[in-house]
Amino acid sequence: MSKANYRLVKFLFLALMGLWLLITLFPFYWQIITAFKSAAETNRTIPTFWPEVWHPQNFVSVFAEASNFDALVDSFIIATGNTLASLLLGTLAGYAFARFPRQAGGENLAFWVLSNRMFPPVAVVLPMFFLFDATPWGTDSHLSLIILYLVFNMPLATWLMMVFFRDTPRELEEAAYLDGYTPLRAFFKVTLPLVLPGMISVAMLCWIFAWNEYLFANLLVGTDVRTFTIVIPTFTHGSQTLWNLQMAFSLIAMLPPVILFILLRRYMVRGLSLGVVKG
Amino acid sequence: MVDGTAPGDLAGEPAAAERPRLDRADPATYPEWFRNKKPRANLIVARWVPIALVGLPVLVLFCIVVYPTVWMFYHALHDTNMMRLFQGNWNFIGLENFATVLESARFGDSIVHLGIYLTFGACLQVILGSILALILYELVKSNFLRVVFLVAMVLPMMLPPSIVGVLWKFLLTPSNGAINQALLNLGLIDQHIEWFNAGLSLWTIIIADVWNWTALPLLIVYSGRVSLPPAVYEAARVDGAGAWTTLRRITLPMLKEVIAIAFIVRFMDAFKFVDLVFIMTSGGPAQSSELPAYIAFQRGIREFAIGEAAAYAILIFAVSAVLIILFLKYLKKVLKAQGFA
């Protein structure tokens with residue numbers, strides 16, 4: 001290939017990526033400017049590509065309805081509770097898989113645990129609905145979602161913690177044993193501080209998945225507990241959708257996962273993305 | 001994974017050279033007590049500890065995954081509906097539910113929809129994602145720009161499906177949506193496209209899904225490309241291989257498994273893909289955008305035919321199980337190659 005030809009091909013490929021970047025970012029642009037438009041402006045027959053009058057009060061008036069704020073609180077409780085539970089169970093199992101692989105059931109059990117992450121939710125949600133119905137806390141509660149989200153978050157936490165524990169040298173623990181530490185103390189004083197950065201990233205990932213979850217929430221809760229994911233599609237006033245408020249609310253709600261993701265980007269690229277990073 | 005460390009290793013490696021050579025295969029090398037010793041796991045903790053550590057999560061998974069699956073299998077073979085379920089009175093009807101499902105036109109249509117979605121949703125995403133990932137890695141030289149572009153392109157993946165759904169519903173509003181207006185302004189169309197009518201609603205969902213999930217294969221392939229050894233490329237350069245040859249003869253063959261994983265992951269998601277259908281079209285109009293997983297939910301939860309919903313779920317489960325096994329096979333390979341497992 002001649003030099004000029006190569007340049008042309010290179011330019012075309014870069015143009016393709018530029019186009020894709022444009023396609024990727026345009027919806028965000030539209031979301032942001034709509035969040036600042038007035039209700040009248042969003043309902044015009046010819047949409048404006050730049051707000052004529054800026055309406056930052058949208059971000060306040062979204063919370064005029066108290067249930068919107070409660071939805072964020074409910075989502076936060078569920079996401080945080082689920083993250084803590086996944087992390088606790090995942091750390092225990094990940095440690096066992098990494099340090100005592102044969103006694104803990106071997107590679108196959110580890111892969112079985114991981115496979116639950118890909119499990120189709122249709123096969124889970126209906127029986128769990130009836131199961132939770134029979135429990136004292138019922139279906140429509142924080143606890144039911146905290147437990148159900150373990151389906152996809154706990155395998156993730158287990159698997160990633162296993163990788164992190166494998167990366168920490170076992171010799172450090174052995175040195176601690178020689179110094180008279182009990183296994184429990186060695187775990188807390190030596191190993192845990194070493195995997196802490198990894199643990200935090202796992203927690204962030206789990207939290208994002210639980211925060212974003214829509215399907216289980218849509219089918220299980222809705223009256224006493226409403227996560228923001230099931231509130232967002234219902235921003236209507238009569239037959240009209242309140243687009244500007246909806247966009248303002250979704251901007252607020254998507255801020256935490258986006259920020260966490262930007263903090264997490266290095267872990268994402270470092271091989272953790274092998275299909276494991278998907279709810 | 002080496003399990004347990006021999007005592008000799010703790011003393012440090014240098015000593016090994018001076019140690020007399022032992023014939024480890026010869027039983028006579030070992031003293032009497034060692035030969036009579038029962039083989040024992042090299043554990044510093046009690047034997048039950050690892051079992052308990054793993055047992056707790058496994059128990060949880062049994063409650064929230066295995067139990068529901070068994071429940072679904074059981075009811076797929078019974079004539080359960082909501083009323084019978086509460087009365088506790090259902091009868092065994094063999095494979096009748098499966099027959100009903102497989103014969104219904106609704107199921108047949110949804111399979112056609114799934115086929116379209118797999119081709120133009122899942123496959124397109126993987127191809128596009130792989131191309132973008134390689135462009136990003138090979139042609140963008142500045143490290144800072146790479147990170148910025150990567151974050152920008154992966155951003156849609158981090159949005160909750162409900163936001164993606166309403167955002168695209170809004171963008172594609174036929175009467176005054178941004179996309180229609182932009183296309184009009186660019187002169188590509190002369191009248192509004194009805195994105196949500198029976199002919200287009202499935203494609204509308206596919207558009208939103210491509211926007212949302214192209215990032216995943218992109219991320220997978222990009223991380224695979226990052227972990228390829230630079231030495232190979234050095235050698236190719238020394239041998240005078242051009243950019244095109246390097247791509248075709250080195251990069252693509254070495255990324256084969258990673259791209260396979262991207263395909264499998266997207267296919268797995270396709271079979272359970274349902275949330276955008278719920279939010280954007282509710283399967284409509286006139287069931288023109290229904291996918292199998294959506295019908296399973298609809299039959300089970302809105303239309304109370306639990307036996308039939310279970311049959312749908314079992315069919316989806318069967319396909320997913322095959323894909324999951326395939327996925328784990330490739331994942332093992334790639335993890336071994338990247339030194340994780």
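Two residues count as in contact here if their C-beta atoms, placed from the backbone, lie within 7 Å. With that in hand, let's walk through this predicted model, starting with chain A. Among the contacts in chain A with a separation of 6 or more, 73% are between residues 24 or more positions apart.

**Chain A as a whole**

Chain A has 13 helices and two strands. Its C-alpha trace spans about 75 × 70 × 35 Å along the principal axes. The radius of gyration of chain A is 24 Å, whereas a compact globule of 279 residues would have one near 19 Å. Of the 279 residues in chain A, 48% are buried.

**Domains in both chains**

Each chain is split into two domains, and the table sets out their bounds.

| Chain | Domain 1 | Domain 2 |
|---|---|---|
| Chain A | residues 3-35 | residues 64-272 |
| Chain B | residues 7-76 | residues 104-338 |

How far apart are the centres of domain 1 and domain 2 of chain A, taken over C-alpha atoms? The separation is 34 Å. Where these domains meet, four residues of domain 1 of chain A are in contact with six residues of domain 2 of chain A. On the domain 1 side of that contact in chain A, there are two nonpolar residues, two polar ones and no charged ones.

Turning to chain B, five residues of its domain 1 are in contact with seven residues of its domain 2. The domain 1 side in chain B consists of three nonpolar and two polar residues, with no charged residue.

**Where the chains meet**

Now for the contact between the two chains. Chain A contributes 84 residues to it, and chain B contributes 90. Sorted by class, the chain A side holds 60 nonpolar, 16 polar and eight charged residues.

**The nonpolar core**

The largest nonpolar core has 173 residues. Which residues have the most contacts inside this core? They are A:Leu148 from chain A, together with B:Leu218, B:Ile261, B:Ala293, B:Ala313 and B:Phe327 from chain B. The element that gives the most to the core is helix α18 of chain B (residues 306-338), with 15 residues.

B:Ala313 is a good place to zoom in. Leaving aside residues up to four places away in sequence, B:Ala313 touches A:Val122 and A:Ala123 in chain A, as well as B:Met72 and B:Ala296 in chain B.

Note on methods:
Residues are numbered from 1 along each chain as its sequence is written. Chains are lettered from A and ligands numbered from 1 in the order in which they are written. This is a predicted model: local features need pLDDT of at least 70, side-chain atom pairs count only at pLDDT 80 or more; totals for chains, interfaces and linings use all residues. Domain bounds come from an automatic or database domain assignment. Ala, Val, Leu, Ile, Met, Phe, Trp, Tyr, Cys and Pro count as nonpolar, Asp, Glu, Lys and Arg as charged, and the others, Gly among them, as polar. Helices (H or I, at least four residues) and strands (E, at least two) are DSSP runs, numbered from the N terminus. The radius of gyration is taken over C-alpha atoms; the globule rule is 2.2 Å times the number of residues to the power 0.38. A residue is buried if 20 or more other C-beta atoms lie within 10 Å of its own, exposed if 12 or fewer, and partly exposed in between; C-beta atoms are placed from the backbone. A nonpolar core is a set of buried Ala, Val, Leu, Ile, Met, Phe, Trp, Tyr and Cys residues joined through C-beta atoms within 7 Å.
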